[in-house]
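This report covers the internal spaces, the packing and the charged pairs of one protein model. Please keep the structure open while reading.

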Amino acid sequence: METIEKNVTRGGQFLVKETKAQDIFTPEDFTEEQLMMRDSVKEFTDKELWAHKDKFEHKDYAYTEASMRKAGEMGFLSVAVPEAYGGMGLGFVDTALVCDYISGATGSFSTAFGAHTGIGTMPITLYGTEEQKLKYVPKLASGEWFGAYCLTEPGAGSDANSGKTKAVLSEDGKYYSITGAKMWISNAGFCSVFIVFARIENDKNITGFIVENDPSNGITLGEEEHKLGIRASSTRQVFFNETKVPVENMLSERGNGFKIAMNALNVGRIKLAAACLDAQRRITTEATKYANERIQFNTSISNFGAIRSKLAQMATSCYAGESGVYRAAHDIQERIAAREAAGESHQDAELKGVEEYAIECSILKVAVSEDVQHCSDEGIQIFGGMGFSEETPMESAWRDARISRIYEGTNEINRMLAVGMLVKKAMKGHVDLLGPAMKVQEELMGIPDFETPDYSVLFSEEKELIGKLKKSFLMVAGAAVQKYGPDLDSHQQLLMAAADMLIEIYLAESTVLRTEKMVATKGEAACEAQIAMAKLYLYNAVDTIAQKGREGIASFSEGDEQRMMLMGLRRFTKYQNLPNVVALRETIAAKVIADNAYTF
């Protein structure tokens, strides 16, 4: 494994290692094949989904199922499935790409797609025996069968391992009898196979099973749930009453269910972040078109600064989300490739590759799901009264966006996970946090450098500032770990504040590095709006980090220690040259409005 450690950055290391622009992957680096794949997915989405948005809003579950079958015929359900089981066997970036562009038209379809390809198929691909994979995966990859995932129960939501569903071994040892209720099961109404989690005897951890959907085998479904959004996504309760499951349908080994569930969710998280991107592009485009057409006070409302500010911010959030998602997706892909090259099976390499970047997966899930909600909210606002009407696509976009902050682990759980996993990695020695944190403390004791640096090179001040933002996180998190040690987990509000700092650092850095890489090939003049977006995102990130850092410091320190840390925070969040924020927004808005769309 030596070679892997040398060549590929580990998850969470972005905090303590300088990343160079040429070392990250960006959407501008898509290959010809990836661009062709993107265009065919966009064509499918426009023709089959966007053009029939009303069907999804009127709960046409049959149309969702028919669209999924078409997606299967096009091969879109098989991108991540190895060729040996009827899939395309493409890399992780391709998986993110298809998930991104197929998910922007309606949350109903993207939920069906995500539940099937992610948590419905992937656990068998990654944990199944050879027999299980050959039996089930080709049918799932082609769309002949659909998958669903039964983890949540009425009493077990975020605490997934507390489920009460039981699996009892028969006297002859040939099958398990599963009894229990599962809720919020996406695709329940038309799936052929369930991944079901149940507890055997009094095991500490749950166990996974592959269960075929046969109503004559003690399986009944509740009515379709009436939901705020994702209205044509089939969501039902599933009841198992002594459902017989052959022992060979156990997934992985006994008691491994919780691990399967958590790892499936890691992949689900970065895919969910990708799935929120194209929705933002479409919302921004629709809002821009409307703003250009809508005349008030004898002029297009796109000429008003208040509207231009919104469009600039919407575009910037989307651009930042793209930057982070494709950076992490490629890091995961590289990690998988390195593990395979070192002789690991595809299954192990993919599991460990994604697990390595679990921190980034949680960061992105939180950031992009919140950005798409804000984007759709501003979309409604730009449309004004029309935005509130079902005649325009804004209100459904807003309703559909709401679920993304809840599933694949709520954003609160993911915030705590991101920081918790980082601390665990530090304890294991995978990411050296304590060394850099001690250096920051020493720096605070020393005399600051009052020389004015030369910032004539593009992004030199921004990159130095990102380095200082990392110091502010290390200062707060390092002091918190020293103070609370293993009890840090119980200080949730502090963890949440630290997580917000971490999220902004990763996204601000990804955005600046993506733009720096682009400028190196296209030149500054061609990237004026992108440069403005990178600077605007960072400006907002600095504000958030200053506020959350202050909140964290106030919560666990006092006296001289507190004064010292607050002084450090001010130093680490201070610009030498404050950017002209209004001018940055103007530059971005001018480009979006002239293009009449999000075109980055």
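Thirteen nonpolar residues, with no polar and no charged ones, make up the lining of the second largest cavity. The model is a predicted one. This cavity has a volume of about 70 Å³. Of its 13 lining residues, V419, A477, A480, L488 and A498 are the closest to the centre. Helices α14, α16 and α17 each give at least two residues to the lining, and α16 has the largest share, with five residues.

In total, the structure holds five cavities of 30 Å³ or more. The largest has a volume of about 90 Å³. Its lining consists of V423, A426, M427, L433, L434, A437, L474, A477, G478 and V481. By class, these divide into nine nonpolar residues, one polar residue and no charged residue. At least two lining residues come from each of α14 (411-428), α15 and α16. Here α16 supplies four residues, the largest share. A477 is thus in the lining of the largest cavity and among the residues closest to the centre of the second largest cavity.

The second largest pocket holds about 890 Å³ of space. It is lined by 30 residues, of which E443, E464, K468, K471 and F572 are the closest to its centre. Two or more lining residues come from each of α15 (434-445), α16 (460-484), α17 (492-522) and α19 (559-572). The largest share again belongs to α16, with eight residues. The pocket lining contains 15 charged, eleven nonpolar and four polar residues.

The table sets out the three linings by residue class.

| Space | Volume | Nonpolar, polar and charged lining residues |
|---|---|---|
| Largest cavity | about 90 Å³ | nine, one, none |
| Second largest cavity | about 70 Å³ | 13, none, none |
| Second largest pocket | about 890 Å³ | eleven, four, 15 |

Two of the residues closest to the centre of the pocket, K471 and E443, also pair with each other. They form a salt bridge in which the closest N and O atoms are 2.8 Å apart. K471 lies in α16 and E443 in α15, so the salt bridge ties together parts that are 28 residues apart in sequence. With a relative accessibility of 26%, K471 counts as partly exposed; E443 does as well, at 30%.

The count of salt bridges comes to 35. One of them joins K289 to E286, with 3.6 Å between the closest N and O atoms. Both residues belong to helix α9 and are three residues apart, about one turn of the helix. K289 is partly exposed, its relative accessible area being 33%. Another salt bridge links the side chains of E344 and R339, at 2.6 Å from N to O. R339 is buried, with a relative accessible area of 9%. Salt bridges also connect E28, D46, D100, D278, R281, R282, E322 and R514 in a network.

D100 is also one of the residues that Y326 touches. Leaving out residues up to four places away in sequence, the contacts of Y326 are F25, P27, F30, V93, A96, L97, D100, Y101 and L277. Y326 and L502 touch the most other members of the largest nonpolar core, which has 167 residues. Apart from that core lies another of 19 residues, including I178, I185, A188 and F194.

How far is helix α13 enclosed by the rest of the structure? Seven of its nine residues (394-402) are buried, so the helix is largely enclosed. The buried residues are M394, E395, S396, A397, R399, D400 and A401. They pack against α3 (53-57), α6 (107-127), α9 (277-293) and α12 (358-383).

A last local feature is the loop between α7 (130-142) and β1 (147-150), where E144 is placed. E144 touches R69 and K139, not counting residues up to four places away in sequence. Its C-alpha atom is separated by 9.0 Å from that of E73, and the two residues are 71 residues apart along the chain.

How values were computed
Residues are numbered from 1 along each chain as its sequence is written. This is a predicted model: local features need pLDDT of at least 70, side-chain atom pairs count only at pLDDT 80 or more; totals for chains, interfaces and linings use all residues. Side-chain values use heavy atoms; hydrogens and water are left out. On a 1 Å grid over the protein atoms alone, a cavity is a set of points where a 1.4 Å probe fits but cannot get out, and a pocket is an open set with protein on both sides within 12 Å along at least five of seven lines; lining residues have an atom within 4 Å of a point. Grid points are joined across faces, edges and corners, and a volume is the space filled by probe spheres set on the points. Ala, Val, Leu, Ile, Met, Phe, Trp, Tyr, Cys and Pro count as nonpolar, Asp, Glu, Lys and Arg as charged, and the others, Gly among them, as polar. Buried means under 20% relative accessible area, exposed over 50%, partly exposed in between (1.4 Å probe, protein chains only). Contact means heavy atoms within 4.5 Å. A nonpolar core is a set of buried Ala, Val, Leu, Ile, Met, Phe, Trp, Tyr and Cys residues joined through side-chain atoms within 4.5 Å. A salt bridge is a side-chain nitrogen of Lys or Arg within 4 Å of a carboxyl oxygen of Asp or Glu.
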